[in-house]
Amino acid sequence: MRITNSMIARNLLKNIQDNQQSMYSTQEAVSTGKNIQEPSDNPVGFSKSSRFRNTIRKNDQYLSTLQSSQGWIDSTTGVLDQMHNRLLDARAIATRASDLSSDDDGARNTMANQIEDIINELVSLGNSTHLDKFLFGGTKTKGEKPFKYENNTVTYNGNTENIYRKVADNFNVAINLKGSQLVNDGIFSALTDLKEALETNHGEAINESIDTIKDASDQIGSMNTAMGSLKTQLETTEHRLETTNLNLKSYLSDTEDTDMAEAITRYNAQETAYKAALQTTSDALNLNILNFIR
Amino acid sequence: MSISSILNISKQALMSHQSAIDTTSGNISNMNTEGYTRRLTNFDQGLGINQISSSISDDSVARVRDSFLEKQYMRQNSYFARYDMDKTISQQIEDILGEPGEAGLSNALSDFWGAWGDLANDPESQSVRTVVKDKSQALASTFNRIYSDLAQLQDSLQNDLSSKVSSVNQKLEQIHKINKQLNTNQSDELLDQRDRVLNELSELINIDTSISDNGKVSVYSSGFILVSENQNKQLQLQTAEKGDTSNLKLTLVGNESEVQVQAGEVGSLLDMHNENIGHYIDQLNTLATNLAEQVNSVHKTGYNLDNETGINFFAENITSAGDFQINEDIAEDSTLIATSDESGESGNNSIAQSINNLQNTGSIEGINPADFYGSLVTEIGSKVQESEYLSSSQEKVVQTLKNQRDSSSGVSLDEEMINLTKYKQGYQAAAKVVNTVNEMMVTALNLI
Amino acid sequence: MQKTQIDQQTKQETKNFGPVSNISPTYNFRFGIPGFENLQKFVFQDLEKYPPFQLFKSQEQEDLSMLVLNAKYIRKLKDLSIPGHELEQIGSKNQDEIEIFVILRVDQATKQFVANTKAPLIINLQNKLGNQIIIEGQDLESAYPLEISNENDNNE
């Protein structure tokens with residue numbers, strides 16, 4: 001075929017342009033460390049990695065929710081622990097009271113006051129907040145306090161709704177302990193009854209209260225256990241989501257990533273250099289990599 | 001053979017070689033002229049052994065141009081021009097979307113869902129409501145920006161189309177004029193010029209040509225005759241339906257039928273304007289309007305911390321991604337944002353959670369929002385990739401054809417130089433003969 | 001467009017790690033791995049250029065492969081104890097019957113390798129079962145930095 005000058009010039013120019021093009025995209029890949037710059041580089045791959053990124057983002061949201069839920073539950077169990085301790089104190093008082101002679105009004109009055117203090121404390125604990133929200137009011141987390149102590153009765157003004165948190169795709173979990181449960185399980189009534197019994201010197205009632213208070217504290221105990229199980233469940237979910245995200249991230253910036261290539265080359269060089277250095281200082285070293293990785 | 005006849009022959013030889021040298025130097029000086037067809041000097045064999053003649057016949061300084069190759073070249077060039085323009089425009093579209101960048105819609109959507117997720121985690125918070133408002137406004141401005149950029153691009157394509165159609169019309173007129181000029185002047189320069197204009201035309205629209213006996217060219221495109229022996233037509237651009245600027249069509253002036261140009265830059269512009277950008281804008285609008293509607297229908301049933309209900313989150317009656325925005329009341333006062341599905345329950349996050357759930361349960365023509373937009377991004381990415389590939393492989397086809405064409409009609413400096421030497425030697429040889437004959441004549445005369 | 005044919009049976013070339021060899025038999029991860037619960041068949045491949053690093057590769061999804069290291073090369077994991085119920089899941093009675101691997105990533109800030117020591121892979125060499133488990137407690141990190149150092153260094 002005849003070669004004309006315009007042909008030569010044209011081909012040469014095209015080659016130069018092609019080379020420049022491929023150099024440019026290599027540089028981009030090295031600097032960002034990601035294989036896919038734009039959807040058009042690899043439309044199918046981009047679409048897949050987009051979905052993975054969305055999943056990672058969604059899981060991060062769950063993880064954040066999990067953490068704050070665990071904070072809520074920790075506050076709850078912290079309060080329950082204190083309630084438990086106060087109830088044990090009240091039981092001790094009840095035990096002492098049952099040993100009093102029936103005419104020791106003074107002691108009984110003192111004890112009634114002590115029980116009153118404990119009741120107030122329990123109510124105050126029941127009205128605890130976590131980040132400015134009532135722990136035990138159901139979904140009435142603001143405004144009027146859940147518990148009121150009047151006329152020797154503790155009433156509950158919260159509601160019986162669950163506070164839900166979505167912590168995984170199919171896991172919308174209730175994280176709260178409803179104050180109504182405290183009332184229903186006789187936590188307060190055990191003490192208000194005791195106080196009344198002390199004030200009216202009702203010996204039998206005082207004796208009974210030793211057991212009812214024990215039951216109440218056991219109830220607190222099992223509420224705590226339930227919270228503990230919930231917390232474990234959340235932790236398991238958390239760890240699973242973390243591992244999922246780590247695996248997904250490994251997949252996305254995976255063995256194709258230039259970072260990986262650089263890291264392993266660097267590692268290799270380090271190892272070689274280290275081996276060399278060691279050889280000059282010691283003979284009897286077993287140069288198995290076992291000795292190298294901290 | 002008489003001396004004078006030898007002289008005649010020599011004279012003709014001198015003149016032929018002189019002419020050949022002229023032609024050669026013409027080729028050399030036009031070596032870099034685009035579309036120049038080299039002139040070839042054909043030396044006719046004289047009749048009979050003893051009649052050495054070397055002369056040039058009338059039509060023997062021939063334009064060497066293979067008409068079949070020429071048509072091939074123009075056809076493929078039209079496609080190259082089309083794919084190349086497809087590539088440029090679709091790359092621009094991909095740039096407008098800017099995925100996977102922070103300014104892209106995917107990221108704005110992620111942030112939007114994330115903000116609602118945070119609110120579901122803390123429904124009592126006014127400060128998180130502010131964040132929801134901010135992220136929602138960012139989502140809105142992203143929708144608005146992409147919409148407006150795409151609409152602007154579509155407009156600019158329309159402008160480009162107008163000017164390219166003018167250019168087409170200009171070239172059609174030029175061809176017609178040349179056809180007329182050829183009546184009186186069959187010059188090589190005119191033919192070269194006509195070929196040049198035809199090539200340029202093929203970059204704009206796909207054309208077919210036929211040459212009549214009297215050397216005039218007829219030009220056709222997409223089933224219509226644009227230049228005939230006696231006239232040329234003109235193209236015009238108009239909207240396909242009244243007022244619908246998303247659809248343009250080409251017609252002949254004076255005729256309503258559509259000229260469906262498939263290739264050339266005009267073919268690309270029409271398709272990208274009507275089919276591609278029009279479609280992408282539609283998809284964007286579908287996403288925007290459905291999203292607003294679905295969020296609103298949940299939000300309206302919800303209660304905020306002041307127990308107000310029935311409030312829209314996004315503006316009512318959003319018709320496109322261009323007017324997508326949040327309810328202006330909420331823009332002013334983010335405490336209006338609802339989280340609970342019951343009155344008087346500050347810790348109830350049901351509405352906020354439902355809105356956050358729309359990232360999975362939201363249905364835009366049966367697909368969740370991220371996947372719906374994702375497939376639009378992929379569609380555009382594929383179009384870019386495809387047109388890059390087509391453009392680059394078509395470029396090779398065109399290069400090959402151009403090389404083949406140049407191979408026969410282009411100028412090779414080496415060849416011309418060799419010819420020059422050859423013709424110079426021929427000229428010198430002929431001149432020597434003349435001298436010899438001259439001497440012979442002088443001798444003969446002196447003999448008298 | 002030319003596609004290079006890769007012979008699945010013999011030596012493969014990875015993009016960044018050179019050739020691989022010694023492809024292990026297929027292990028069955030009955031529960032998949034977190035994030036890829038639908039994938040169950042995996043193999044381990046040696047990296048010829050970079051022993052003892054290996055690739056943990058899915059047989060069902062071509063582009064899923066992770067860099068892993070046998071836990072025996074990491075001093076901190078010498079006393080790692082795998083809970084009994086996890087061993088049971090892969091049909092093992094004691095830890096001697098299994099091998100433990102950790103998945104490596106590059107930390108974006110330090111550009112160093114970090115190992116997920118909290119969620120290792122365990123495999124039963126006999127029955128070819130495997131699982132990625134999460135070890136609670138035992139003070140294990142999901143991004144433990146790998147470094148070469150002298151075993152006599154004090155900073156361990």
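B:Ser10 sits in helix α1 of chain B, a helix that covers residues 3-29. Is this serine buried or exposed? With a relative accessible area of 4%, B:Ser10 falls under the 20% cut-off, so it counts as buried. Keep in mind while you look around that this is a predicted model.

Which residues does B:Ser10 touch, once its neighbours within four places in sequence are set aside? The contacts are with B:Ala430, B:Val433 and B:Val434. Those numbers may catch your eye, and another residue tells a similar story: B:Ala431 is 421 residues away from B:Ser10 in sequence, yet the two C-alpha atoms are 7.4 Å apart in space.

**Two chains side by side**

Let us step back from this one residue to the whole of chain B. Chain B contains 10 helices and 7 strands. If we take its contacts with a separation of 6 or more, 69% of them involve residues 24 or more positions apart. Chain C is built from 1 helix and 10 strands. Following the sequence of chain C, you meet the elements in the order β-β-β-β-β-β-α-β-β-β-β. For chain C, 50% of the contacts between residues at least 6 apart in sequence join residues at least 24 apart.

Here are some values for these chains:

| Chain | Residues | Buried residues | Accessible surface | Carbon and sulfur part of that surface |
|---|---|---|---|---|
| Chain B | 448 residues | 48% | about 20800 Å² | 46% |
| Chain C | 156 residues | 51% | about 8100 Å² | 44% |

**Where chain A meets chain B**

Now turn to the place where chain A and chain B touch. How many residues does each chain bring to the contact? Chain A gives 39 residues and chain B gives 48 residues. Between them, an area of about 3500 Å² is buried, and carbon and sulfur atoms supply 40% of it.

There are also polar links to look for. Across this interface, 18 residue pairs are in polar contact, counting pairs with both residues at pLDDT 80 or more. On the chain A side, the elements that contribute two or more residues are α1 (5-32), α2 (43-99) and β5 (164-168). Which of the elements gives the most to this side? That is α2(A), with 12 residues. Sorted by class, the side of chain A that touches chain B holds 8 nonpolar, 16 polar and 15 charged residues.

Charged residues can pair up, and 4 salt bridges are counted between chain A and chain B. One of the bridges you can find in the structure joins B:Glu124 to A:Lys133, where the closest N and O atoms are 3.1 Å apart.

**A residue to visit in chain A**

To finish, have a look at A:Asn120. This asparagine belongs to helix α3 of chain A, which runs over residues 105-126. Why does A:Asn120 count as partly exposed? Its relative accessibility is 35%, and partly exposed covers the range between under 20% (buried) and over 50% (exposed), so A:Asn120 belongs in that middle class. B:Ser10, at 4%, is buried instead. You can also trace a distance from A:Asn120: A:Lys148 is 28 residues away in sequence, with 9.4 Å between the two C-alpha atoms.

Conventions: Residues numbered from 1 in each chain as written. Chains lettered and ligands numbered in written order. Predicted model: local features only at pLDDT ≥ 70, side-chain atom pairs only at ≥ 80, totals over all residues. Heavy atoms only, no water. Contact = heavy atoms within 4.5 Å. Buried area = accessible area lost by both parts, 1.4 Å probe. Salt bridge = Lys/Arg side-chain N within 4 Å of Asp/Glu carboxyl O. Polar contact = N/O pair within 3.5 Å; in protein donor to acceptor, adjacent residues only side chain to side chain. Helix = DSSP H or I, 4+ residues; strand = E, 2+ residues; numbered from the N terminus. Nonpolar A, V, L, I, M, F, W, Y, C, P; charged D, E, K, R; others polar. Buried < 20%, exposed > 50% of the residue type's maximum accessible area, 1.4 Å probe, protein only. Areas by Shrake-Rupley, 256 points an atom, 1.4 Å probe, with all protein chains shown as cover.
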